[in-house]
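Please open the model in your viewer and keep the selection tool at hand. The stops below go from the whole chain to individual side chains.

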Amino acid sequence: MLSPVAAPTRLWTRNFRLYFVARIVSMLGDAMFPVALSVAMLSLGYGVTGAGFALAAWMGAFALFVVFGGVLADRFHPRPLMIGSDAVRCLIQGSLALYLGFGHPSVWFVIATSVLGGVATAMFQPGVSSLVPQVAADPQQANGVLKVSEGLSTMAGPAIAGTLLAVTSAAWVFAIDAVTFAVSGICLVALRLPAFEVDRSASTLENLRTGWKEFRSRSWLWGVILIWWVLGVCVWGPLTPLGAASIIDAHGKAAFGYAEAAFG
């Protein structure tokens, strides 16, 4: 006797649509940032070294604080942290856009905003996965849709930034980047989530110790992260600023913009 086939779960509910938009536009903003930052630092006269320091400031702050973002998301709720992160990043990118459009920001100003942006992203990232079961009836199906879309956004971000740089300026890219974080934050505010029980039985220090113990106990996890760290420092990190310097010097900003669009 054949068993009845379960009815397919409706994926595109109101909550999931809002979360999907928030996630994808936020990913686009993150992917546009390194390209815009490299061109801005070169345009300001700070060279490849300045661009490298600014990008390293963002990545270092993210790597240092992401573990605290995970603990805070568990102790409170991921959504407030994500909304706050989007608000901070919108303000940072908007201030960079205005400063670049009407002035000449110092290298320390740009590096400071990069640090703040990295910290804000570290507060945002841990909540990304934990919100999925709260916005989707079928988390597995939702994760499949999200991961494919996130991959496309990661590729599209440099392409969009490169195209904008070819026809406008880094200030406009930062302005559009700010809009992506504003859209993400608004979508997250509009979510209607069920009641969420928070476990605060352990202290923050105990949570950090437990997380570190679980991390160390899985060689595949820290091994993959180590590989990505080496690639980031030795390959992807230098690629954008060095590519920007080489192409812009020889062929102009538009050529670099089109190259980034093709790469994306």
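The tour that follows moves from the overall fold to a group of aromatic rings, and then to two further side-chain stops.

Begin with the whole chain in cartoon view, keeping in mind that this is a predicted model. The protein chain has 11 helices and 0 strands, so that, read from the N terminus, the order of elements is α-α-α-α-α-α-α-α-α-α-α, and its radius of gyration of 20 Å is close to the 18 Å that the globule rule gives for 264 residues, so the chain is as compact as a globular protein of that length. Along the principal axes, the C-alpha atoms fill a box of roughly 70 × 45 × 35 Å.

Switch next to a surface view, where the protein chain exposes about 14,100 Å², with carbon and sulfur atoms supplying 71% of that area. Of the 264 residues, 40% count as buried. If you display contacts with a separation of 6 or more, residues 24 or more positions apart account for 85% of them.

Now turn to the aromatic rings, for which the count comes to 7 aromatic pairs. Select Phe-33 and Trp-58, which form a tilted pair, 6.3 Å centre to centre and with 40 degrees between the planes. This pair links distant parts of the chain, since Phe-33 belongs to helix 1 (residues 14-43) and Trp-58 to helix 2 (residues 47-75), 25 residues apart. Both Phe-33 and Trp-58 are buried.

Keep Phe-33 selected and add Phe-174, with which Phe-33 forms an edge-to-face pair, 6.3 Å centre to centre and with 65 degrees between the planes. Here too distant parts of the chain are linked, with Phe-33 in helix 1 and Phe-174 in helix 8 (residues 170-189), 141 residues apart.

Why does Phe-33 count as buried? Its relative accessibility is 8%, and the cut-off for buried is under 20%. Phe-174 is likewise buried, with a relative accessible area of 1%. To complete this view, add Phe-62: ring pairs link Phe-33, Trp-58, Phe-62 and Phe-174 into a cluster.

For the next stop, select Arg-89 together with Phe-124, where Arg-89 lies over the face of the Phe-124 ring, at 4.6 Å from the ring centre.

Finish at helix 6 (residues 132-135), in which Gln-134 lies. Gln-134 is buried, with a relative accessible area of 14%, and its side chain makes a polar contact of 3.4 Å with the side chain of His-77.

Methods:
Residues numbered from 1 in each chain as written. Predicted model: local features only at pLDDT ≥ 70, side-chain atom pairs only at ≥ 80, totals over all residues. Heavy atoms only, no water. Helix = DSSP H or I, 4+ residues; strand = E, 2+ residues; numbered from the N terminus. Buried < 20%, exposed > 50% of the residue type's maximum accessible area, 1.4 Å probe, protein only. Polar contact = N/O pair within 3.5 Å; in protein donor to acceptor, adjacent residues only side chain to side chain. Phe/Tyr/Trp six-rings, centres within 6.5 Å; stacked < 30°, edge-to-face > 60°. Lys NZ or Arg CZ within 6 Å of the ring centre and 35° of its normal. Rg over C-alpha atoms; globule rule 2.2 N^0.38 Å. Contact = heavy atoms within 4.5 Å. Areas by Shrake-Rupley, 256 points an atom, 1.4 Å probe, with all protein chains shown as cover.
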